[in-house]
Amino acid sequence: MADFFKIPLRSFALAHASVGISGTLAALLMKNSIAIGFAVGYIIGVINALWLFRAAAKGITLEPVKAGRHVAFHYYLRFFATAAALSALIYFRLLSPWSPVAGLSAALFATAGAAIYSSLAVLRSSDAA
């Protein structure tokens, strides 16, 4: 069960590198500040995903009561840290509001895609065995 929550590094890195670079280049065609905002939002999203995987992997090694508290605490901490980072960037007018949100959303979709791809690969290999 613990192997399920290990980060599939190759697919994770490949998905995030391709989506992050292509999204930033596409935003660069519009405006430099949009590309910077997209890249910053994307980096926040990748850190968010890594934090999620780490909390989940740690949670399954703990006793059930401690695991629930650990995962819930890190869920809310991760949420508020992400919201605070984006809010600070927007409040202090370092970035426009939409480009970091687009980068964060793209990172979340890339994470979901990498997780689905990795899960299907595990299912295929277990069916073949």
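Here are some friendly notes on this predicted model, point by point.

1. **Confidence.** Since you will want to know how far to trust the prediction, start with pLDDT. The chain has a mean pLDDT of 89, and 92% of its residues reach 70 or more. Among the elements, helix H3 (residues 64-91) has the highest mean, 94. The lowest mean, 88, belongs to H4.

2. **Overall layout.** The chain contains four helices and zero strands, and its pattern along the sequence reads α-α-α-α. The C-alpha trace spans about 50 × 35 × 15 Å along its principal axes. Of the 129 residues, 30% count as buried. About 8700 Å² is exposed, and carbon and sulfur atoms supply 74% of that area. Contacts that reach along the sequence are worth a look too: among those between residues at least 6 apart, 71% join residues at least 24 apart.

3. **The largest nonpolar core.** As general background, nonpolar side chains in soluble globular proteins tend to be buried together. Here the largest nonpolar core has 11 residues, and among them are Phe-12, Ala-27, Ala-35, Val-46, Ala-49, Phe-53 and Ala-110. Two or more residues apiece come from helix H1 (9-30), helix H2 (32-59) and helix H4 (98-128). H2 gives the largest share, six residues. A second core, separate from this one, has five residues, including Ile-44, Leu-86, Leu-89 and Leu-95.

4. **Two alanines of the core.** Ala-106 and Ala-107 both belong to the largest core, and their contacts make a nice pair to inspect. Setting aside neighbours within four places in sequence, Ala-106 is in contact with Val-19, Phe-38 and Tyr-42. On the same basis, Ala-107 is in contact with His-16, Tyr-42, Gly-45 and Val-46. Tyr-42 thus appears in both lists. Ala-107 is found in helix H4. Is Ala-107 buried or exposed? Its relative accessible area is 0%, so Ala-107 is buried, the cut-off being under 20%. The C-alpha atoms of Ala-107 and Ser-18 are separated by 11 Å, although the two residues are 89 apart along the chain.

5. **Aromatic pairs.** The structure holds five aromatic pairs, and two of them make a good contrast. How are the rings of Phe-38 and Tyr-42 arranged? Their centres are 6.0 Å apart and their planes lie at 20°, so this pair is stacked. Phe-38 and Tyr-42 are both in helix H2, four residues apart, which is about one turn of the helix. Both of these residues are buried. For Tyr-91 and Phe-92, the ring centres are 5.1 Å apart and the planes are at 80°, so that pair is edge-to-face. Both Tyr-91 and Phe-92 are exposed.

6. **A buried polar residue.** Please also take a look at Asn-48, found in helix H2. Why does Asn-48 count as buried? Its relative accessible area is 9%, and the cut-off is under 20%, so Asn-48 is buried. Which side chain does Asn-48 join through a polar contact of 3.3 Å? The partner is the side chain of Thr-82. Beyond its neighbours within four places in sequence, Asn-48 is in contact with Arg-78, Thr-82 and Leu-104.

Definitions and conventions
Residues are numbered from 1 along each chain as its sequence is written. Side-chain values use heavy atoms; hydrogens and water are left out. A nonpolar core is a set of buried Ala, Val, Leu, Ile, Met, Phe, Trp, Tyr and Cys residues joined through side-chain atoms within 4.5 Å. Buried means under 20% relative accessible area, exposed over 50%, partly exposed in between (1.4 Å probe, protein chains only). Contact means heavy atoms within 4.5 Å. Rings of Phe, Tyr and Trp (its six-membered ring) pair if their centres lie within 6.5 Å; planes under 30 degrees apart count as stacked, over 60 as edge-to-face and the rest as tilted. Accessible areas come from the Shrake-Rupley method with a 1.4 Å probe; for residues, only the protein chains shown count as cover. pLDDT is the predictor's confidence in each residue, from 0 to 100. A polar contact is a pair of N or O atoms within 3.5 Å; within protein, one must be able to donate a hydrogen and the other to accept it, and residues adjacent in sequence count only if both atoms are side-chain atoms.
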